[in-house]
Structures are given as structure tokens and as C-alpha cells.
Amino acid sequence: MEAQPPVAPTRSTRLLRGLVKVLLALLLIWPLTLGVVYLVNETYTALDPTRFPLSSSRVERLLAALPADPTEPQKGATLALAMVNRLEEELDSRLGWSVNDLWLSPTRWLDNRANRQRGVIFATRMLTAFFATHLAKYGTVDAENEWLKEAREKRFAFTEDSWWLPSSESEFRKGIDLVRRYANGLRDGKSVYNVRTDDVYNLLVYILGPQFLDQPLGLLVQATEQVPYSELDDRIYYTQGVVLVLRDFLHAFARLYPWIGEKGGGENLKIAFQEMERICTFDPLVVLRGRHDSIMADHRGKMASYLISMRERLNDLAQSIRR
């Protein structure tokens, strides 16, 4: 019996086979791609941390070094150093200050860390301004401490992206050294530190106001359609940098003045720090922008929810102090 020639596959059969091959390729490529991204991310974070729990902050060591009943000058020196701690940690990190790196440097492309550092210097400037004009004086008409004045007006005010002549790093380190001189002056009786109940209230109002936390919050709550995809992670990590500085300072303040939490604000303070911890340890593998009722995560919205909750708790704390 003569063998029948093989039947040529129809066009629809060829299309079906091609579709199956594409689907199989996608099923294999996606896990492989995610696996590669995960390994690269884990390798990078081993070199340069991207999550910052409070327990890793050097502020804990500052507070542990204090006596059981510190004097007011000792408290002031600790607070001043806590204020610039995060900036110093960024400068001392393995990859240093990335914002001003040249285009040919690989670190120039690490935009998450660069935007975090932009948030760090912004918050450092804001806190230094309040500290110098409210806490380092006996009264509003007193002269400003010369070291803090130079730090806030000249050194920390310097642009964050200058590579040379002078570099941003050198100016910021000079600012930190000036804050240290102020702290040492407190120990030697050459500097002033004066905190009243209304200063604590005014500090919280200042932090919650348009000059400070409203700035990163505005970046997070802007309508999704108005924010390019490439800017989503920039805004998230900028906010993280702001809160890293704020967390160190407020944590030290709350430890040095426990009455702040005892005036009806203990639970608010606890939850505020929990939200800060979420912000400071926020580091998704991929930043997504889920729109409206999308099944994808909206990471910018999640960061905004943490920040809003934190602000509300600090506002409630401020009101309890005012009463």
C-alpha cells in the first residue's frame, strides 16, 4: 500500500503553535527576569544598605552614652548631633555622596540613593534653621550662635550637586563640624541651649507646616496622571530621606524629654514612630504606579498613606502638649 504524504499544517495550526511557543517563552522569561533582578538587588543591598531601621542609627549610641539624668547642655549637645547624624551617615556610607557624581561614574545612575540624599540635606537644613533660631537662644532678640548661623546659612545651604571647587561633601562636612563645635561649646559653657514647652509645640507645628513635611507630601499626592513613571521612585526615596533625618531628631527628643509622651500623647508618639519606621525601611523591588482600581500596587500612594498617618499623629501630639 502506497504511503500517504504528510499533511501540511494549516495556517491556523501554525499560528496556534506559534502562540503556544510565545506563551511558554513568557512563562519562562518572567521568573528568570525577576530572579535576575532580585539577585542584583540583593547583591547591591549587601554593598550599600537601602533599608534603615532605627536600631542601625548611630543616634542609639549617642543616647546610650548619656548618664541616667543628663543635664540640659548634655541634652542640647545630643540633639544637635542627632540633627546632623543622617547627613553624616550618608557622607560616610560606602558609596559616599552620590548626588554630585560625574556622568561617567556608575554611582551617578543610582537615582534612588541620590534622591534619598536630596531629602536628607533638605530636612537637615530645615531642622538646623529651627534649632539655631529657637533652641540655641534664650530669647528671640538674642544673637544667633555663630557656629550654627554659619552652618545653616553657608555650609548646609550649599548646593548638593557640586563636584569640585568646592565639593558638596566638603561644605556639608564643614557644616557638621560647626554643629560639633556648638555641641562642644555647650559642654564648655560657651553655647546656649534653652527649651521651653512652647518650643516643643512650635517645633512640631513647624515640622507639620508648609515649609517642611508639606513639601514631600505634595510630591506624593500629586495626581498620578501628572507624574511621569520615571519620577515615581524619585519622590518615594526623597520622602524617605526627609523622614530619616526627622526620625533621628524626634527619637532623641522623645527620649530626652519623656514628658512629651506623658501629656496624653504617648500612643500618638508610638504610632508616629511606627509609621516613620515603615517609611525608613520602604524599598520595593520594583516601584509600581497602580492607577485607580488597578490590580498593581501604588507604591507612591502607600508611602503617602504612611506620611499622612505620621503627620496626623504628630499633630495630635502637638495639640496634647498645647493643652
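Which side chain does the side chain of Arg113 join through a polar contact of 2.8 Å? The partner is Asp48. This is a predicted model, and that pair is a good place to enter it.

Start with the overall build. The chain has 12 helices and zero strands. Read from the N terminus, every element in the run is therefore an α element: α-α-α-α-α-α-α-α-α-α-α-α. The C-alpha atoms fill a box of roughly 115 × 50 × 35 Å along the principal axes. The radius of gyration is 26 Å, whereas a compact globule of 323 residues would have one near 20 Å.

Now look at how the chain packs. Of its 323 residues, 47% are buried. Take the contacts between residues at least 6 apart in sequence: 75% of them join residues at least 24 apart. The chain exposes about 17100 Å². Carbon and sulfur atoms supply 58% of that area.

Return to Arg113. It sits in helix α4, which covers residues 111-135. Its relative accessible area is 2%. Arg113 counts as buried because that value is under 20%. Its side chain meets that of Asp48 in the polar contact.

Helix α4 also holds Phe122. This residue leads to the aromatic pairs, and the count of such pairs comes to 11. In one of them, Phe122 meets Phe212 edge-to-face. The ring centres are 6.1 Å apart, with 85° between the planes. Phe212 lies in the loop between α7 (197-208) and α8 (214-221), so the pair ties together parts that are 90 residues apart in sequence.

Are these two rings buried or exposed? Phe122 is buried, at 13% relative accessibility. Phe212 is buried too, with a relative accessible area of 0%.

Phe212 has another ring partner, Tyr206. Their centres are 6.0 Å apart and their planes stand at 80°, so this pair is edge-to-face. Tyr206 has 17% relative accessibility, so it falls under the 20% limit and counts as buried.

These pairs belong to a wider group. Ring pairs link Phe122, Phe130, Tyr206, Phe212 and Tyr238 into a cluster. Phe122 and Phe212 are among its members, and their pair joins helix α4 to the loop between α7 and α8.

One more ring deserves a look. Arg86 lies over the face of Phe52, at 4.5 Å from the ring centre.

Note on methods. Residues numbered from 1 in each chain as written. Predicted model: local features only at pLDDT ≥ 70, side-chain atom pairs only at ≥ 80, totals over all residues. Heavy atoms only, no water. Helix = DSSP H or I, 4+ residues; strand = E, 2+ residues; numbered from the N terminus. Buried < 20%, exposed > 50% of the residue type's maximum accessible area, 1.4 Å probe, protein only. Polar contact = N/O pair within 3.5 Å; in protein donor to acceptor, adjacent residues only side chain to side chain. Phe/Tyr/Trp six-rings, centres within 6.5 Å; stacked < 30°, edge-to-face > 60°. Lys NZ or Arg CZ within 6 Å of the ring centre and 35° of its normal. Rg over C-alpha atoms; globule rule 2.2 N^0.38 Å. Contact = heavy atoms within 4.5 Å. Areas by Shrake-Rupley, 256 points an atom, 1.4 Å probe, with all protein chains shown as cover.
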